[in-house]
Amino acid sequence: MTYRLRAAALLALVAATPAVLAGTSAIDPRIESLLTQLGKVKPIQAAQLSPDGRQLAWVVENDHKPGIQIADADGGHARSVDPSAKAGSCSQNEIAWAPDSRHLAYISDCNGALNSDKARLLQIVLADTQGKIEPVALTALNGNAQALRWSSDGSRLAFLYVEGATRRASAVYAAKPAAGEIGVDGLEIQRVATVAATGGALQVLTPASSYVYEFSWSPDAQRIAYVSAPAPGDNNWWVAKLYVQNAQANAEATVLVDPGSVSGNLHGLQIALPRWSPGGSRIAFIGGLMSDQGSTGGDIYAVPSRGGSVTNLTPDIHVTPAWLSWNNDQQLLVSQMRGGESEIAEYHIDGNRATQDHVLFSVPASVSDGTDEMALSLSHDHAQLAYVQSSYTDAPEVHAGALGNTAPKAVTTINAALKPTWGKAESVEWNNEGRHVQGWLLYPAGYDASKSYPMIVMVHGGPSGVVIPRWPAVGFGGVPFSTLGYFVFMPNPRGSFGQGEAFVQANRKDFGYGDLRDTLVGVDTIEKKLPVDDKRLGLTGWSYGGFMSMFAPTQTQRFRAVVAGAGISNWQSYYGENLIDQWMIPFFGKSVYDDPAVYAKSSAINYIKQLKTPMLIVVGDRDAECPAPQSFELWHALRAQGVTTSLVVYPNEGHHFVDPAHQRDVLQRALAWFGKYLPASK
């Protein structure tokens, strides 16, 4: 099929999609009940502790609108940051405490002027949390802003800013419709901007030629460090460099780290999370093989802030650091993944080596303060911390308390009334080909050891990712299958975070082979211990998990039904279709034009004659990471082979679905598909 005809077919299907969604057959009342239960959770987007450790702020959603609450550090005396703003009527988010622990900055559309589309413009707002003065707008924003950061002297507030933005700044959100000269027209550049604490006009610090992903202030508030690459920003994070410049407009930037030219084990990898040492002499950061910006994991590196050699402080460790903060010039506080758990540890730095002193605590749960993956909000003296935690047993709550050898308890009861409707969770471990592998298993709700059950294998995205327990949302995921009577197996095979950088890099140039073998041995391990019916084995996943859901059935006939979300069926054609091709060379070694064979060997389309499994395929029509034509290609091939298949394309959705109706529909369809081909009861 020519490109024009394929594009026409895509547009025709997308145009028809709303009617298709509306015409979905009657829903199993159990599914509707489950969706209703999942929809009751109030997401907590962020939690921030004041520098003096006495106050706590958090962002919680009501009716899909985030709002800010302020409370004592123990969660008591909670109240709205702006009593005049009705909960659920407008949005408040991106909280940042000023150094004085009295003022809280945030971004809001509650009182902004209307734009030409009748939507309210964003404002950066400053609230006096100890006075009776109404919050004051520091400046209006003609675009999107995020990552508010105060300078140490409290005189300025810096943030990432996209002037004139038409979409969220991330490759996972719906791509702009293609128009004009591609890669030139309509580029949206994220830059570091500042506004004075007293208000006024914005000052943009970083150049218009540079798309900034992350930044941090120097301790003396005179410089900034940032991770940046040329536009377009969605594509070039994988080749970003670390820069330092004075915190002034038009200041000259200095490259500190270029992974493309540096020697050693950082060469060709990705960098994230630059953090200045308290004395300002060094900058630590995370470096590793990372498949998505924001999904951080790797080794801890350091570089002199005035320039010099880059040092891997943690070579050969068997955990994956994801976030760090300096306690002092010789000690780091690190959030890391160990297997499938979240772990907080302290590392002592001796010259060019960081050694783990001890683990403070570990939890089988997801933790983050909302700023970065696994980030913790700390008091200025690092004596107290706060974050949002959720797991398979407990819905999201704010946790806060002393930083010590015990994880702090929840100080909110926002979702305390919610209880799991799914079965118990269990960590599963096994060995394969000289590697120790871990995954999570959910039992069926109401499990009866005398009965036989089907099992759904859900492969995580990435591949540089990990399954760590978290409370499920309404959208696509594995946990709901447990509620409806399935075992759900979520492996962390080679390529995953949690066991060190060598484990992460173990599936380079080998997508779909070693990680599939790891997964199948995990399935065998479970089947030897529990009553899983191997004739009712299903497979699903999203993104890289969507690729595995398309590819694995070409290599094994064990799976009897598949749901492939935002997958990749042909790595060769994908290279020219996706908007983030820079991520591929670190994983495949060369471009598709230099080594087509390595791409061909992991492409499901090349083994299509071996694929016999009924497959539901779902994707967003504006997915920049895993474009819809990849799903069309496999769907067309399956139809041509007479294999039972269904393709559903969701309009105006990117890699991450944002429309609540679509989030419900895609999960509903997946549940129904497995219910048809792998019934939970026999």
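**Exercise 1.** How much area does the protein chain expose, and what share of it do carbon and sulfur atoms supply?

*Solution.* The protein chain exposes about 26600 Å², by the Shrake-Rupley method with a 1.4 Å probe. Carbon and sulfur atoms supply 50% of that area.

Before you go on, note that this is a predicted model, in which local features need pLDDT of at least 70, side-chain atom pairs count only at pLDDT 80 or more, and totals for chains, interfaces and linings use all residues. Residues are numbered from 1 along each chain as its sequence is written, and side-chain values use heavy atoms, leaving out hydrogens and water.

**Exercise 2.** Work out how compact the protein chain is.

*Solution.* Start with the inventory: twelve helices and 36 strands (DSSP runs, H or I of at least four residues for helices and E of at least two for strands, numbered from the N terminus). Next, the radius of gyration, taken over C-alpha atoms, is 24 Å, close to the 26 Å from the globule rule for 682 residues, so the chain is as compact as a globular protein of that length. The rule itself is 2.2 Å times the number of residues to the power 0.38.

**Exercise 3.** Describe the sheet that holds strands 13 to 16.

*Solution.* First, the order is 13-14-15-16, in an open sheet with antiparallel pairing (two strands pair if DSSP finds at least two bridges between them). Second, strand 13 (211–217) and strand 16 (254–257) each have a single partner strand, so one side of each lacks a neighbour in the sheet. Third, strand 14 (residues 223–229) pairs with strand 15 (residues 241–246) over six bridges. Finally, Val227 stands opposite Leu242 in strand 15.
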